[in-house]
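Student: I've got this model open and I'd like to zoom in on one small part of it. Could you walk me through a charged pair and then what lies around it?

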Amino acid sequence: MNKISRKGFLKIAAAAAMSGVTAGALAACNAAKDSAAASSAVSAPAGSYIPGTYEGTAEGISSTVKVTMTFSDSAVTDVVVDTSGETASYGAAAADQLKEQLLSSANGEIDGVSGSTITSDAVMKAAKSCFAQAKGEATISSVQLPTGDETDWLGKEPDIDEAAITETIDTDIVIVGAGNGGMFAAAYAAANGLNFRVIEQNSAVQDTRHWYGAIDSAAAKEAGVPATDKAKLLSEISRYASGKCDQRVVKTWINESAAMHDFMRGILEDQFGWTCEFTSGAEAAWPAENAEHNTDYLYPVQEHNYRQSESESGLQRNEALQQYIEELGYSIDFKTSLAKLEKDADGRVTGIIAQSTEDDHFIRYNANDGVLLACGGFPGNPYMMEQLDPLGTSVTTACSYSPSDKGYGIRAAVWAGANLDKEAAPMLFDRGIVAPGVDAGYVESENSFGGKAFPGEIKQYNPGTQPFLKVNRNGERFANESSPYNDIVYAAAHQPGRVYAQICDANILEDVKRFHTIGCSAQTRNAGAEYLQKQMDNAEEKGCFFKADTIEELADKLGFTGEAKDTFLATVDRYNELYDQQNDEDFGKPAYRLSAIRKAPFYGCWLGASLLCTEQGIAINEKGQALDNDNKPMPGLYVTGDMSGSFFANNYPCLMAGVAMGRTLTFAMKAIKQMAGLEK
Ligand SMILES: Cc1cc2nc3c(=O)[nH]c(=O)nc-3n(C[C@H](O)[C@H](O)[C@H](O)COP(=O)(O)OP(=O)(O)OC[C@H]3O[C@@H](n4cnc5c(N)ncnc54)[C@H](O)[C@@H]3O)c2cc1C
């Protein structure tokens, strides 16, 4: 599509507005595809509009949608809708209907076209901008932030004209993102009476993520947990990242997470009366039987969680923190999205430019002490997923978490000169349940950003993590099923369709209890029969879970035919043999994690990865400062959470539950201390 540059467009629009000339000049820039004289235009009183042609743009599924409207002084006389860059079968096909709807709209409000919701919404937004310009309400048209594309995830930093920045806010600290990291940073800043602002693109705080890891916290001491061998822990995190972390950054979490927990409990326990649920020891540790050759494997787990208390109060932790800062007189600037970072001549980050998602006006936030970016990773951005993590993308079947984490913070930091980790580190759980025949990887999706989504309808099928027999589409077993969550999904990268079937029998609940899996997969054994039944029923309703009286019938329901079916039946026989001899000669799974498949009903389903979030982020130092491409700290810029790097690589140590949140919260607090000069 032939796009006009943002700056060019703004200048034309601003000049048109200032000179009183109608924006007819804009029409010359339009890549108008289709136009029709208004036959059914709604009339307004004479003098309602400044006659002329106006253009509005908005982000659609995979392109910038453009609407050009010509106004007389009392009516719309012509409409051009350009959705040519949209997915052909959805958005692009809707252009004619959308144009007709706009011709009979008095203000840009339209019903839209069913099946093309995102394109319709974009067209409506762009049309409303045309109406606003025609009424003289907007001198600057709707200007959209760049999204990247299928070949260039980074895109270009927006070039925002000064005339478009219609509001300025001076403060000391700007926190971008009211999520798990941002809200904790805000709480710490509020507790210290600092002058700060939090901006958030959405209209509410992000969902709370519950378990966070803190080392030798007060909770651990109260529970009588022996002091952690910190050197051993450091070595384990580094081993998991294949050495591709900065051990000094990891040490900040190890050494300062106890203080982070102290601050958290000071609010949630002392002020909200909540109780911390602490898990450690045998309930949380990777069973020794799985780690005969490395007893330090996944060492240690010290999880903290306020979830029980939340359910009693009706508040989630992030909402409690919001209430906490509001009671101290602060607020969150919702519906405000980061557009770019600003730097002075010496390279110091001096603030940000943000854009209102309500009316698109730009706001300059000047930050005397610094900016903390806490915008999350990029699970909601297929361009970044495909280009930065092709392997993780290829094995994923489900993800509907954090769709608004589209990596914008990472892109803004890179535009400003920050250094992005070179390796992906997705959080992949083996719980992406799908119907037979569905491959892992993106499918076309009309209502998703970038026009793509993962096929699974269920976010996580928790029993997927249980170490039952798993086979590929040829009916063959291909890996030891007793492993951290993401090992089996990576093993499936080399199998047909990158998915696998999980098989068990009527003894599922007893088997699961014996398996004693840890982390959040412990829910399957702890929550009991009712929970398990609910998970299975829900998946069955969606056509992804199958019950059968015989193993042959299960094979048919799972879609095995011909040779693959014969192989599948032979694999089940072989697995029963391994169970009987209590020795997995084939893949070395610990005996207590073998199970018999003999008692009806038999159960089966197909699985791939569920993508929770991404952990590939901007390189930081031990103080949480962003690093540039020479690994030098960038003055005034701090990063935390999923958009920060230097900690994980390749994958996420999912059985050291809570490390992601632990480091997110620890570095959130650290950044505030640094910016406010509360520590050196
Ligand atoms: C279902 C699920 C369960 C999880 N459970 C755990 C767990 O128990 N323990 C654990 O350690 N980890 C867990 N994780 C991982 C954990 O959620 C992340 O590591 C953590 O949330 C990171 O926090 P964050 O502040 O970086 O991102 P988020 O909490 O996602 O917050 C990012 C915020 O930034 C906002 N934002 C994004 N872009 C912009 C922009 N341009 N302008 C303004 N605002 C913007 C977003 O809207 C969002 O509110 C879980 C993840 C999922 C999906």
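Student: Is Glu386 buried, partly exposed or exposed, and what is its relative accessible area? Please take a close look at that residue and go on from there.

Tutor: Sure, let's dig in, keeping in mind that this is a predicted model. Glu386 is partly exposed: its relative accessible area is 29%, and that falls between the 20% limit for buried and the 50% limit for exposed.

Now for its partner. The side chain of Glu386 meets that of Lys452 in a salt bridge, at 3.0 Å from N to O. Glu386 sits in helix α11 (residues 382-388) and Lys452 in strand β17 (residues 452-453), so this pair ties together parts that are 66 residues apart in sequence. Lys452 is partly exposed too, with a relative accessible area of 22%. Why would two such residues pair up? Side chains of opposite charge can pair when their charged atoms come close.

This bridge has company, as the structure holds 28 salt bridges. Take Asp439 and Arg473: their closest N and O atoms are 2.8 Å apart. Asp439 belongs to the loop between β15 (426-434) and β16 (443-444), while Arg473 belongs to the loop between β18 (469-471) and α14 (485-491), so here the parts being tied together are 34 residues apart in sequence. Both ends count as partly exposed, Asp439 at 37% relative accessibility and Arg473 at 24%.

Another bridge joins the side chains of Asp556 and Lys565, at 2.8 Å from N to O. Asp556 is partly exposed as well, at 44% relative accessibility. And salt bridges can link up beyond a pair: Arg477, Glu481, Asp584 and Lys589 form a network of them.

Let's zoom out to the domains. The domain assignment gives domain 1 (52-135) and domain 2 (429-612), and their centres, taken over C-alpha atoms, are 46 Å apart. So how many salt bridges are there between domain 1 and domain 2? The count is 0. On the side of domain 1 that touches domain 2, the residues divide into 3 nonpolar, 6 polar and no charged. The two domains do touch, though: 9 residues of domain 1 are in contact with 7 residues of domain 2. Across that interface there are 2 residue pairs in polar contact. Together the domains bury about 620 Å² between them, with 51% of it on carbon and sulfur atoms.

Technical notes
Residues are numbered from 1 along each chain as its sequence is written. This is a predicted model: local features need pLDDT of at least 70, side-chain atom pairs count only at pLDDT 80 or more; totals for chains, interfaces and linings use all residues. Side-chain values use heavy atoms; hydrogens and water are left out. A salt bridge is a side-chain nitrogen of Lys or Arg within 4 Å of a carboxyl oxygen of Asp or Glu. Helices (H or I, at least four residues) and strands (E, at least two) are DSSP runs, numbered from the N terminus. Buried means under 20% relative accessible area, exposed over 50%, partly exposed in between (1.4 Å probe, protein chains only). Domain bounds come from an automatic or database domain assignment. Contact means heavy atoms within 4.5 Å. Buried area is the accessible area (1.4 Å probe) that two parts lose on being put together, summed over both. A polar contact is a pair of N or O atoms within 3.5 Å; within protein, one must be able to donate a hydrogen and the other to accept it, and residues adjacent in sequence count only if both atoms are side-chain atoms. Ala, Val, Leu, Ile, Met, Phe, Trp, Tyr, Cys and Pro count as nonpolar, Asp, Glu, Lys and Arg as charged, and the others, Gly among them, as polar.
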